[in-house]
Amino acid sequence: MTTEKHTEHHSSFQSYVTGFLFSIVLTIIPLVLVLNDMLENPLLLVIILLAACFQFVIQIYYFMHLRENKNRGYIVLALIVGIIIVVTVVGGSAWVMNF
Amino acid sequence: MSQSTAGKIDHHNEEEHHDTSSIKIFGFWIFLISDLILFSVLFATYVVLRTRYSGGPTGAELFEVPIFVAETFILLTSSFTSGLATLGLQQGKVKTVINWLIVTVVLGIAFVGLEVTEFITLVEEGATISTSAFLSAFYVLVGTHGLHVSAGIIWMISTIFQLSRYGITEETNRKTQVVSLYWHFLDVVWIFIFTVVYLLGVM
Amino acid sequence: MIESIKNFSSDFFVTGDPLIYGADVSIVLVMVAIIFVLTYFKKWKWLWSEWLTTVDHKKIGIMYLIASLLMLFRGGVDAILMRTQLAFPNMDFLPSDKYNEIFTTHGTIMILFMAMPLMFALFNMVVPLQIGARDVAYPFLNAVSFWTFFFGAMLFNLSFVIGGSPDAGWLSYAPLSETQFSEGPGQNYYIWGIQISGIGSLASGINFLVTILKMRAPGMKLMKMPMFSWSVLSSCIIIIFAFPILTVTLGLLFIDRYFGANFFTLAGGGNPMYYVNLIWMWGHPEVYLVVLPAFGVFSEVVATFSKKKIFGYKSMVFALLSISLLSFFTWVHHFFTMADYKVDAFFAITTMAIAIPTGVKVFNWMFTMFRGRIQMKPPMLWTIAFIPTFLVGGATGVMLAVAPADFQYHNSYFLIAHFHQVLIGGVVFGFFSGIYYWWPKIFGFSLNEKLGLWAFWLWNIGFYVTFMPQYALGFMGMPRRVSTYGWDMGWAPLNFISTIGAFLMGAGFIFQVWQIVYSIKHRNKEGAADPWDGRTLEWSIPSPPPEYNFAIIPKVSEQDDWWYKKQKGLTKVKEDYKPIHMPKNSGIPFIMGGFWFITGFGLTFEWTWMGIIGLIGVATSIVVRHLDNDTDYYIPVDEIERTEARIGGTR
Ligand code: HEM
Ligand SMILES: [Cu+2]
C-alpha cells in the first residue's frame with residue numbers, strides 16, 4: 001500500500017495557491033460587474049453564472065484532488081450525470097412552473 | 001488496521017484490501033453528489049419562488065453587500081486553508097495539519113456567526129420565514145447551507161482531536177481528507193448561493 | 001388533573017372505533033407475547049448479539065424480508081378493507097374519513113415500506129454473494145440503513161393507534177397536506193416516517209453502488225457481471241439522484257407546517273403545484289427504481305431455467321442504464337392536466353421513449369426462453385406470469401402518456417388499474433420470483449412447492465379478477481378515491497367482481513405464509529447449495545453461506561462463471577486459507593435508529609424538546625462512531641478450516 005501511495009501524483013502548495021487566486025478573481029469579477037451595473041442583463045447573467053461554474057471546476061481541479069483519485073473515472077461520470085440532473089431539476093422546474 | 005501483518009505483503013491476497021481508504025473516499029464523493037442534488041432542489045425552489053414577495057420586502061431591499069461579500073471571502077479562504085491541511089497530510093506533518101484545520105474551523109465559525117447575525121437582523125426588520133414565499137425559499141436555502149457548515153465544524157473538531165491523539169495514521173489520514181472534501185464542497189455550494197441569491201438579488 | 005389527563009389521552013390515542021381498539025389489543029398482546037417468549041427461552045442476548053447488532057448483509061437481508069412481509073400484511077389488510085367498502089353501492093362499512101386514511105396508508109406502506117425493503121432484502125441477500133464479495137462496501141452503514149428504515153416504518157405505523165393516520169393520499173399533495181387542511185399529527189407522521197426511512201434508502205443506494213463498482217471478485221469485469229447486479233446498480237443510480245429530491249420536498253412541507261413558511265400554501269405567494277412538481281420529480285424515478293431489480297430477477301431466472309445464457313447481454317445492460325437516466329425526464333406525465341400544453345407535449349414524448357428500452361428487455365427474455373430447455377420451477381412460474389401482465393401494464397401506460405387522452409383517464413380507475421398492473425405484475429411478482437429463487441441459498445432449505453403452486457394461482461387469478469374490471473370502471477367514469485357510489489352509476493357488478501379478486505390475492509398471501517411455516521417445520525435441506533443448477537457465483541458456496549461468504553475469493557473468467565466452471569470441471573479450489581478481515585458487530589446503528597424514532601415522534605407531535613433530545617442522541621451516536629477506531633477483526637485460519645469442514649464448503 002505504501003508503495004502505491006508514493007506513485008500517486010501529489011498536489012503541491014503551488015497548485016493550491018493557483019486555485020485560490022483563480023477563485024478570488026472569479027469572485028471579484030462578477031461582484032464588480034454587478035455592483036457597478038456595468039453590463040446589460042442577459043449578458044451579465046450569463047457572465048456571472050459562467051464565473052460560478054468556472055469556480056466549481058477550479059475547486060474540483062485544484063482543491064478536491066480529483067486528478068489523483070484512483071476512482072476519478074467513476075467520479076467524473078457521476079458528476080456529469082449529477083450535473084445533468086441538477087440542470088433538469090432547476091431548469092425543468094422553472095419551465096414547468098412558468099406559464 | 002494495525003494487527004494485520006503477514007498476509008498483507010502477499011499481493012495475491014487482494015481481498016484483504018479492496019483498499020478501504022480509497023473505497024471510503026469514493027463513497028463520500030458519491031454522497032457529495034447526492035448532496036449536490038439536494039441543494040439543486042433548494043435552488044430550484046428559490047428560482048421558482050424568487051419573485052413571490054407577497055407584498056413583503058425584496059432581495060434588493062434586504063441584502064447588505066459588505067456582509068455577503070465578507071461571508072464569501074471568509075469561506076473561500078477557509079476552503080484554501082483546509083486544502084493546506086491536506087497538503088500537510090501528504091508531507092506527514094501532524095502539526096501543520098492540525099494548525100490549518102484550526103484556522104479553518106475559526107473561519108468557519110466566523111462565517112456562521114456572520115450568517116446568524118444577518119438572519120437576526122432580517123427578522124428584526126420584520127422579514128421572517130412566513131413573510132413571503134421568496135423569504136421562505138431564501139431562509140431555507142441559505143440556512144441549509146449554514147447547517148451543513150455547522151456540522152462540518154463539529155466534524156472537523158472531532159478530526160482535530162483524533163489527529164492530536166493518534167497522529168497521522170491510515171484512519172486519520174482518510175478522515176482528514178474526507179472532511180476537507182466536504183468543506184470544499186460547501187464552498188462550491190456557497191459560490192452558487194452568492195451568485196444566484198445575492199448577486200442576482202441586488203442586481 | 002384527572003380531567004386533563006383524560007383529555008390528553010383521548011387526543012393522543014385514537015379512540016371511538018372498534019377497528020382501532022382491536023388493533024390496540026392485538027398490538028399489546030403481540031408485544032407481551034414477544035417479551036414472554038424471549039424471556040422464557042432466554043433469548044434476549046441472542047437477539048441482541050446475533051441480530052440487532054449484526055452488520056452481516058445476509059442477516060440484514062433477512063430482517064428486511066421479515067419487516068417487508070409484515071408490511072405487506074398491513075398494506076394488504078388496508079386493501080381488503082377498501083375493497084370491502086366498495087363491494088356494493090352505498091356501503092357504510094368505512095366512513096369516508098377512515099376511507100381516506102386507509103387509501104393513504106395503503107399506498108404509502110406498499111411503496112415505501114413494502115416494495116422498497118423487499119427490494120433491499122434482495123440487494124442484501126444476493127449482491128455480495130453474486131459478485132464474490134465478503135460483505136458490502138460499508139457494513140456498518142448497511143446496518144444503519146436497516147434500522148432507520150425499520151424505525152421510520154414503525155413510526156409511520158404508530159399513527160394508526162396514536163394521534164391518527166395521515167389522509168392526504170400516498171403523495172400528500174399540497175395544499176391538502178398543509179396545516180390549514182390537515183391539522184394534527186397524521187401528516188407529520190407521514191413526513192417523518194418517510195424522511196427517516198429515506199435516510200436509510202439513500203445510504204443503501206450509495207452502499208450498493210460502491211459495492212458493485214469496487215468489491216467484485218478479481219476477473220469479474222463489469223461486462224461479465226450477472227444481470228441482477230446490473231439491475232441493482234441501475235436502481236442505485238436512481239436512488240442516489242432521486243432520494244435527495246424527496247428529502248427536500250417533504251422537508252419543505254414540514255417547514256411550511258412547523259415554521260409557517262409559504263412554499264406550497266395558497267396564501268403568502270406559495271404555490272401548491274410546485275409541490276406536485278417536486279414530488280413527481282422523485283416519484284416517477286421511484287417507481288422505476290423498484291421495478292428495475294425485478295427486471296434483474298427475471299433475467300437471472302429466465303437464464304437459469306432455460307439453461308441458456310441471457311440473450312442480448314449488452315442490450316440488456318444498455319436498456320437498464322438508459323431507463324435509469326430516462327426516468328428523470330418524464331415526471332410531468334403525472335400532472336398533464338396542470339401543466340402547459342407545450343410542456344405536456346415534451347413529456348408525452350419522453351414517456352413514450354422510456355417504453356422502448358422496456359420493450360427491448362421483454363424481447364430479450366423471450367429470446368432467452370426460445371429453444372431453451374425450460375423448467376417450470378416456482379421462480380420461473382412467477383416470471384412467466386409477469387410477462388403478459390407487464391405487457392398490458394406497459395400498454396396502458398403508453399395510453400396514459402398520450403397527453404390529451406390522459407385528460408379523460410387521469411384520476412379514474414383506469415389509472416388505478418395501470419399502476420397496479422405494473423406494480424403487482426412487475427414489482428411484486430418479480431420480487432416473489434427472486435425470493436423463491438434465492439430462498440434456499442439464504443436459509444439452507446427449500447420451500448414446499450405444492451403450497452407455493454396454490455399461492456401462485458391464487459395471486460394470479462386474483463390479480464386479473466381484481467384489475468381487469470377496473471379498466472372498464474375507468475372507462476365508465478368511476479373516479480379514484482371515492483369511498484362509495486350509488487346504484488344508478490351502474491358500477492356495482494364490476495366492483496363486486498373486483499372485490500372477489502382482492503380476497504383471492506389475500507388467500508394467496510395466506511398460502512405463502514403457510515408455505516413458509518410448513519417448510520420451516522419440515523426442513524428439506526437437500527441440495528440447497530445449488531438447487532437450480534445455477535449459473536452465478538452465489539451457487540458455488542454452501543447454503544446458508546458462512547459469515548465470510550467465500551473462504552477463498554473466486555477468480556472469475558467468464559460471464560456466468562459458476563456454470564462455466566461446472567461445465568469444465570473446474571469447481572475444485574485449493575484450500576489455501578488466509579486470515580479473513582471482517583467488520584465487528586455494533587449496537588450503534590440500532591441505538592441511532594431509536595434516537596431517530598424519538599426525534600420523529602417528537603416532531604410529529606411538535607414537541608420541540610423531544611425532537612432536540614432525539615437529534616442530540618443521533619449526533620452523539622455519529623460522533624461516537626467517528627471516534628471509534630477499533631471496528632474490525634480477523635478470522636484466523638484454523639477457525640475458517642473448522643467452519644468449512646462443518647458446512648462442507650470449498651467443494
Ligand atoms: C411503459 C412504461 C410506463 C408508462 C408509459 C407509464 C405511464 C404512466 C402515466 C402517463 C401515468 C399517469 C397517469 C395519470 O395520472 O393520469 C402513470 C401513472 C403511474 N404509473 Fe406508470 N407508466 C409506465 C410504467 C410504470 C411502472 C413500471 C410503474 C411501477 C413500477 C408505474 C407506476 C405508476 C404509478 C404508481 C402511477 C400512478 C401514481 C398516482 O397517481 O398515484 N408505471 N404511468
Ligand atoms: Cu410516471
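The questions and answers below concern a predicted model and deal with chain B, chain A and one residue of chain C.

Colleague: How many helices and how many strands are there in chain B?

Modeller: Reading chain B from the N terminus on, the elements run α-α-α-α-α-α-α. The count for chain B is therefore given by helices and strands as DSSP runs, and it comes to seven helices and zero strands.

Colleague: What share of the residues in chain B is buried?

Modeller: A residue is called buried when its relative accessible area is under 20%. Chain B has 203 residues, and the buried ones among them make up 61%.

Colleague: What percentage of the accessible surface of chain B belongs to carbon and sulfur atoms?

Modeller: The C-alpha atoms of chain B fill a box of roughly 75 × 30 × 25 Å, taken along the principal axes. The accessible surface of chain B comes to about 7,200 Å², and the part that belongs to carbon and sulfur atoms is 65%.

Colleague: How far apart are the mean positions of the positive and negative charges of chain B?

Modeller: Chain B carries 9 positive and 16 negative charges. When the mean position is taken for each of these two sets, the distance between them is 7 Å.

Colleague: How far apart are the end C-alpha atoms of residues 134-161 of chain B?

Modeller: In the unreviewed UniProt entry, the annotation "transmembrane region" covers several spans of chain B, including residues 134-161 and 181-201. Residues 181-201 of chain B are 100% helix, with end C-alpha atoms 29 Å apart. Residues 134-161 of chain B are also 100% helix and 0% strand, and here the end C-alpha atoms are separated by 41 Å.

Colleague: What percentage of residues 16-36 of chain A is helix?

Modeller: For chain A, the unreviewed UniProt entry places the feature "transmembrane region" at residues 16-36, 42-62 and 74-97. Over residues 42-62 of chain A the chain is 100% helix, and the end C-alpha atoms lie 30 Å apart. In residues 16-36 of chain A the end C-alpha atoms lie 30 Å apart and strand makes up 0%, while the helix share is 95%.

Colleague: Is C:Asp561 buried or exposed?

Modeller: C:Asp561 lies in helix H17, which spans residues 561-568 of chain C. Its relative accessible area is 3%, and the cut-off for a buried residue is under 20%. C:Asp561 is therefore buried.

Colleague: Which backbone nitrogen does the side chain of C:Asp561 reach at 2.9 Å?

Modeller: A polar atom of the side chain of C:Asp561 lies 3.0 Å from the backbone nitrogen of C:Glu558. The backbone nitrogen that the side chain of C:Asp561 reaches at 2.9 Å belongs to C:Ser557.

Conventions. Residues are numbered from 1 along each chain as its sequence is written. Chains are lettered from A and ligands numbered from 1 in the order in which they are written. This is a predicted model: local features need pLDDT of at least 70, side-chain atom pairs count only at pLDDT 80 or more; totals for chains, interfaces and linings use all residues. Side-chain values use heavy atoms; hydrogens and water are left out. Helices (H or I, at least four residues) and strands (E, at least two) are DSSP runs, numbered from the N terminus. Buried means under 20% relative accessible area, exposed over 50%, partly exposed in between (1.4 Å probe, protein chains only). Accessible areas come from the Shrake-Rupley method with a 1.4 Å probe; for residues, only the protein chains shown count as cover. Lys and Arg count as positive and Asp and Glu as negative; His and the chain ends are not counted. The place of a charge is taken as NZ of Lys, CZ of Arg, CG of Asp or CD of Glu. UniProt positions are given in the numbering used here, feature names are shortened, and annotations may be inferred rather than shown by experiment. A polar contact is a pair of N or O atoms within 3.5 Å; within protein, one must be able to donate a hydrogen and the other to accept it, and residues adjacent in sequence count only if both atoms are side-chain atoms.
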